[in-house]
Amino acid sequence: MERMIPQARTESTQPRLEPMLDLEWSQAIELPRTVASATRPSDIRRAWVHRAPEDLVVALYRASSGMHGEIPAPWWLRAVVEGRLESRELGFRIEDRIAGLLGRRPGWEFVPWAADGESGYWEFMPSERGASGHSIPTTVLNTSRHDGWIDVLPAHSSTTPSPTAVAGFAGLRSRLGEFEAVR
């Protein structure tokens with residue numbers, strides 16, 4: 001009977017610690033509670049993914065997503081990792097150009113509390129509960145699903161419609177009248 005009991009480890013008496021990538025990643029994208037008052041994307045760039053050296057951010061993202069598939073992350077990070085966007089800084093500039101355009105126009109409001117890791121989005125408030133009766137306003141958000149980096153969700157009331165891919169900042173600027181026409 002004595003031979004059936006496995007021998008105790010003798011290499012070390014110290015506990016063996018292994019990194020917990022899920023926890024590390026959730027801390028990397030965690031935003032402070034003060035972001036609720038943000039009025040533009042630059043106001044919420046306070047998480048580790050926004051401040052740490054870009055190569056470390058990419059490495060942690062790859063390690064974390066390699067174990068679990070798609071994980072919560074900013075649109076620009078997914079695009080950088082896929083090799084379709086040059087840098088995090090370029091992603092920030094895209095967000096800031098949209099903020100400069102929509103922030104000056106009446107009716108547009110920035111919503112900082114997007115899905116975990118995301119950069120927030122813009123809503124056209126006159127399209128909500130206006131003459132058309134929609135309960136969810138027209139929404140502009142950044143995306144990594146195409147190289148224009150901007151999607152628009154039309155105002156709607158029930159099932160979320162498919163997003164409209166916009167051809168970059170110039171495409172958004174040229175189509176704003178169309179997007180703002182729904183009231």
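In which helix do Glu178 and Arg175 both lie, and how many residues apart are they? Both belong to helix 6 (residues 168–180), 3 residues apart, which is about one turn of the helix. This is a predicted model, and in it the side chains of Glu178 and Arg175 meet in a salt bridge, with 2.9 Å from N to O. Glu178 has 47% relative accessibility and counts as partly exposed; Arg175, with a relative accessible area of 25%, is partly exposed too.

**Salt bridges**

That contact belongs to a wider set: the count comes to 9 salt bridges. Three of them, including the helix 6 example, are set out here.

| Acidic residue | Basic residue | Closest N and O atoms |
|---|---|---|
| Asp43, 18% relative accessibility | Arg40, 42% relative accessible area | 3.5 Å |
| Asp151, 3% relative accessibility | Arg145, 48% relative accessibility | 2.7 Å |
| Glu178, 47% relative accessibility | Arg175, 25% relative accessible area | 2.9 Å |

Asp43 is buried because its 18% lies under the 20% cut-off, whereas its partner Arg40 is partly exposed. Likewise, Asp151 counts as buried, while Arg145 counts as partly exposed. Salt bridges also join up into a network, linking Arg45, Glu95 and Asp96.

**Helix 5**

Glu95 from that network is one of the buried residues of helix 5. The others named as buried there include Arg88, Gly91, Phe92, Ile94 and Ile98. How does the span of this helix compare with what its 15 residues should give? At 1.5 Å a residue, helix 5 should span 21 Å, and its end C-alpha atoms are 21 Å apart, so the two agree.

**Aromatic pairs**

Now to the rings: the structure holds 5 aromatic pairs. Trp75 and Trp149 form one that is tilted, at 5.7 Å centre to centre and with 40 degrees between the planes. This pair links distant parts of the chain, 74 residues apart: Trp75 sits in helix 4 (residues 75–81), and Trp149 in the loop between strand 3 (138–142) and strand 4 (150–153). Trp75 is buried at 0% relative accessibility, and Trp149 is buried at 8%.

Next comes the pair of Trp76 and Phe92, whose ring centres are 5.4 Å apart. Why is this pair edge-to-face? Its planes stand at 80 degrees, and an angle over 60 degrees counts as edge-to-face. Here too distant parts of the chain are linked, with Trp76 in helix 4 and Phe92 in helix 5 (residues 88–102), 16 residues apart. Trp76 counts as buried at 1% relative accessibility, and Phe92 counts as buried at 8%.

How values were computed:
Residues numbered from 1 in each chain as written. Predicted model: local features only at pLDDT ≥ 70, side-chain atom pairs only at ≥ 80, totals over all residues. Heavy atoms only, no water. Phe/Tyr/Trp six-rings, centres within 6.5 Å; stacked < 30°, edge-to-face > 60°. Helix = DSSP H or I, 4+ residues; strand = E, 2+ residues; numbered from the N terminus. Buried < 20%, exposed > 50% of the residue type's maximum accessible area, 1.4 Å probe, protein only. Expected span 1.5 Å × (residues − 1). Salt bridge = Lys/Arg side-chain N within 4 Å of Asp/Glu carboxyl O.
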